[in-house]
Amino acid sequence: MKFSIKIYNLETQCTDCLIVGIFESRRLSFIAEKLDIISNGYIRSIVNYSAIQWKIGQSLLLHNIPNVNSKSILLVGCGKTGETNIKKYKMIINKVIHALKDAGITEAIYCLIEVPVHVKEYNAYWKIRHIIETTHDELYRFQNLKTKKETSSPLLRKIALNLSTRDEVTIGTYAIQHSLAVVAGVKIAKDLGNMPPNICNSIYLNLQAHKLAEIYSDTITIDSIRQKEMQELGMNAYLAVNRSSKNEPIMSVIKYQGNKDTYLRPIILIGKGVTFDSGGISLKPATNMDEMKYDMCGAASVCGIMKTVAELNLPLNIIGIMAGCENMPGSHAYCPGEVINTMSGQTIEILNTDAEGRLILCDTLTYVERFKPDIVIDIATLTGSCVVALGHHYSGLLSNYKPLVKELMIAAEQSGDHIWRLPITDEYQTQLDSNIADMTNIGGRYAGTITAACFLERFTRKYHWAHLDIAGTAWKSKKNKGATGRPVPLLSQFLINRSKLKKT
Ligand code: BES
Ligand code: MN
Ligand code: ZN
């Protein structure tokens, strides 16, 4: 898919399709108005005659428009003027993609930057970003493992965005560059997430890290912490989870140095990379167990974010860690009742082997202390409770460092990759009390997302930290089964903001 921006002369321009907005109560957008004049009132007459109300999602394709060189015009409903927000704008874009796909149109010019979105600072930059990112998100298909590739109608190949000022062209160039980097990161996260567990194990994750280092050899290097080194480090909680797997656990450390300043403390991203979570001895029920191949989506998102960051050459130092392992039952498996000594020295009484994510993360959180991090963010498909609490729209955010929460909230708002904060106050910590060890690995029936974060919090006291629970947002089920690539857009935006890149 090719995207371009330009100030077009729409009268003389010849393309397959021009896309213009119409508002409820039959109000034409500025460009629709212009095209109406050129076509001697053709557009107005169609809009007046048709019964369409121009709600978001409604559209009409016109052909043979008098005095217009382009082959067709797609009128798209934009709802009530003055009511368009970011979500509605994305819905309009979605509708356009499907209408173009259905009509078999391969080239189009969008005249939709002029549709007003009533959000502070929401200018052409953000509209272009959302157009490009939404389009790619919508057109993504995972075809790597199909012997016959889907060959639907001729694919949309070129999308041009019509702008009105020179300034818009300048910021638009940045918008395209940023979007394409985010899109590339999202694609990596989706592809990796969708890979089946017989192919995508810890070694496979490690291979992806090495592929990044090969492409971005100037900025990325890889450290691979394998089983033997984990043993030497005393990462016994991490190792316990993998104990019955035939695959070796590997922690892939992706070091990105975009800033020469050696005093600059790194930002650390840790992704849960359980390539299959059977539950272990506390075996999961059979229904939908296949979806536990997605239990490595945190790690996949880290790989994706590192791609975005390297592509944009952000002036930051970032260490992304994919904590790869597999949770299997078997005669070597760790079992309920075991007490494990973590790398931090704290002991854990295992009460449920299905609460494995926090075990691999706790040792990884201790491991990263050596980097003297500025901040640490972990990303994990950690709790089924998070899906109960927030469903599939918002990822859970838990952090005890307010400035970081604020930054993440801003990035979520901008990217449309939503998060909702849950508390991690001390009163919840008592749910982890154990008579046998320093803590248990589960906190009982209530507030499962919070007690999981409380568990992690005990290993993060040496730095500023945030935890993203993406159990409900990392993939979709049933008809739309597939990884979403979240939270790559959120964290890419967070890092772009931190780099203070020029946008406007
Ligand atoms: N990977 C799962 C969490 C999960 C479950 C994500 C379903 C998405 C959908 C995690 O390892 C897990 O099994 N958590 C347990 C914790 C419990 C034993 C305290 C859960 O949520 O049931
Ligand atoms: Mn589990
Ligand atoms: Zn899990």
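**Entry 1: contacts of N313**

I looked up the contacts of N313 in this predicted model. Leaving aside residues up to four places away in sequence, I found that N313 touches T219 and Y256. I then placed N313 in the secondary structure: N313 sits in the loop that joins α9 (297-312) to β11 (317-327). I also checked the separation of N313 from H332, which is 19 residues away along the chain. The C-alpha atoms of N313 and H332 are 44 Å apart.

**Entry 2: the manganese site**

I next asked which protein atoms serve as donors to the manganese ion (ligand 2). I listed D277 (OD), D354 (O), D354 (OD) and E356 (OE), at 2.0 to 2.2 Å from the ion. D354 thus appears in the list with both O and OD. Along the chain, the donors of the manganese ion (ligand 2) have the spacing D-x76-D-x1-E.

I examined the geometry of the site as well. The manganese ion (ligand 2) has six donor atoms, the angles among them run from 70 to 167°, and the site is irregular.

I noted a second metal beside the manganese ion. D277 bridges the manganese ion (ligand 2) and the zinc ion (ligand 3), and the two ions lie 3.1 Å apart.

Are the donor residues D354 and E356 buried or exposed? I recorded D354 as partly exposed, because its relative accessibility is 23%. E356 has 0% relative accessibility and therefore counts as buried.

**Entry 3: surroundings of ligand 1**

I counted 16 residues around ligand 1. The closest are K284, D295, D354, E356 and G384. Of these, D354 and E356 are also donors of the manganese ion (ligand 2).

I then looked up polar distances to ligand 1. For K284, a side-chain N or O atom is 2.9 Å from an oxygen atom of ligand 1. For D295, a polar side-chain atom lies 2.9 Å from a nitrogen atom of ligand 1. For D354, the distance between a side-chain N or O atom and an oxygen atom of ligand 1 is 2.8 Å.

**Entry 4: aromatic pairs**

I found six aromatic pairs in the structure. One of them, Y125 with W126, is edge-to-face, with 4.9 Å from centre to centre and 85° between the planes. Y125 and W126 are both buried.

I also examined Y367 and F371. Their ring centres are 5.9 Å apart and their planes meet at 75°, so this pair is edge-to-face; planes over 60 degrees apart count as such. Y367 counts as buried because its relative accessibility is 4%. F371, at 17% relative accessibility, is likewise counted as buried, since the limit for that term is under 20%.

Key: Residues are numbered from 1 along each chain as its sequence is written. Chains are lettered from A and ligands numbered from 1 in the order in which they are written. This is a predicted model: local features need pLDDT of at least 70, side-chain atom pairs count only at pLDDT 80 or more; totals for chains, interfaces and linings use all residues. Side-chain values use heavy atoms; hydrogens and water are left out. Donors are N, O and S atoms within 2.8 Å of the metal (3.2 Å for Na, K and Ca); water is not among the atoms, so sites may look incomplete. Four donors count as tetrahedral if all angles lie between 85 and 135 degrees; four count as square planar and six as octahedral if opposite donors are over 155 degrees apart and all others between 65 and 115; anything else is irregular. Buried means under 20% relative accessible area, exposed over 50%, partly exposed in between (1.4 Å probe, protein chains only). Rings of Phe, Tyr and Trp (its six-membered ring) pair if their centres lie within 6.5 Å; planes under 30 degrees apart count as stacked, over 60 as edge-to-face and the rest as tilted. Helices (H or I, at least four residues) and strands (E, at least two) are DSSP runs, numbered from the N terminus. Contact means heavy atoms within 4.5 Å. A residue is near a molecule or strand if one of its heavy atoms lies within 4 Å of it. A polar contact is a pair of N or O atoms within 3.5 Å; within protein, one must be able to donate a hydrogen and the other to accept it, and residues adjacent in sequence count only if both atoms are side-chain atoms.
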